[in-house]
Amino acid sequence: NSGSSEGISHIFHSILDQADKSRNIIITSPIEHSVVPAALNYYVTYRGFTLKKVAIDQAGKVILSSLEKLLNENKDKVALVTIMAVNNETG
């Protein structure tokens, strides 16, 4: 593909368009590349998905216990987890 927008959209469409209707939760973080929330907005606004965000610390790192809690609370409803492995702005 030609870049992050196209690549992320392709992956999200591939996964979320095939998701079982009972799986309507998407978990992400507040530090994602701007393309991620833009692409996810479509699924929240037009496709009925619910977006949940993990907590981050002051350094911008994901608090793993927050992710674990969201996964446990929504284990049978999660369609997608999208969290950046390394943030180019926070290191």
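Hi everyone, let's start with overall size. For 91 residues, a compact globule would have a radius of gyration near 12 Å, and this protein comes in at 13 Å, so the two agree. Please keep in mind that what you see is a predicted model. Along its principal axes, the C-alpha trace spans about 35 × 35 × 20 Å.

Now for the layout. There are three helices and three strands in the protein. If you follow the chain from the N terminus, the elements come in the order α-β-α-β-α-β. How do contacts in this protein spread along the sequence? Of those between residues at least 6 apart in sequence, 74% join residues at least 24 apart.

Let's turn to the surface. The accessible surface of the protein is about 5900 Å², and carbon and sulfur atoms account for 50% of that. As for charge, we have 9 positive and 9 negative side chains, with the centres of the two sets 7 Å apart. On the other side of the ledger, buried residues make up 32% of the 91 residues.

That brings us to the inside. The largest nonpolar core has 13 residues, and the members that touch the most others are F12, L16, I26, L40 and F49. Which elements each supply at least two residues of this core? They are α1, residues 4-16, then α2, residues 35-47, and β3, residues 78-82. Helix α2 gives the largest share, with five residues.

Let me stop at I26 for a moment, since you can find it easily on the screen. Setting aside neighbours within four places in sequence, I26 is in contact with L16, L40, Y43, F49, T50, L51, K52 and L80. Apart from this core there is another one, made of six residues, and V54, L67, L70 and V78 are among them.

I'd like to finish with three residues in three settings. The first stop is A39, in helix α2. Is A39 buried or exposed? Its relative accessibility is 15%, and because the cut-off for buried is under 20%, A39 counts as buried. Beyond residues up to four places away in sequence, A39 touches I8, S9 and F12. Take I8 in particular: A39 and I8 are 31 residues apart along the chain, yet their C-alpha atoms are separated by 7.7 Å. F12, another of those partners, is also one of the core members we met earlier.

Next, please look at H33. You'll find H33 in the loop between β1, residues 25-28, and α2. With a relative accessible area of 37%, H33 is partly exposed. Leaving out neighbours within four places in sequence, H33 has contacts with S4 and M84. Compare its position with S9: the two are 24 residues apart along the chain, and 12 Å separates their C-alpha atoms.

Our last stop is K75. Where does K75 lie? It sits in the loop between α3, residues 64-73, and β3. K75 has a relative accessible area of 57%, and since anything over 50% is called exposed, K75 is exposed. K75 and L51 are 24 residues apart in sequence, and from C-alpha to C-alpha they are 14 Å apart in space.

So, to recap our three stops: A39 is buried, H33 is partly exposed, and K75 is exposed. Thanks for listening, and I'm happy to go back to any part of the model.

Methods: Residues numbered from 1 in each chain as written. Predicted model: local features only at pLDDT ≥ 70, side-chain atom pairs only at ≥ 80, totals over all residues. Heavy atoms only, no water. Core = buried A, V, L, I, M, F, W, Y, C linked by side-chain atoms within 4.5 Å. Buried < 20%, exposed > 50% of the residue type's maximum accessible area, 1.4 Å probe, protein only. Helix = DSSP H or I, 4+ residues; strand = E, 2+ residues; numbered from the N terminus. Contact = heavy atoms within 4.5 Å. Rg over C-alpha atoms; globule rule 2.2 N^0.38 Å. Areas by Shrake-Rupley, 256 points an atom, 1.4 Å probe, with all protein chains shown as cover. Lys, Arg positive; Asp, Glu negative; His and termini not counted. Charge placed at Lys NZ, Arg CZ, Asp CG, Glu CD.
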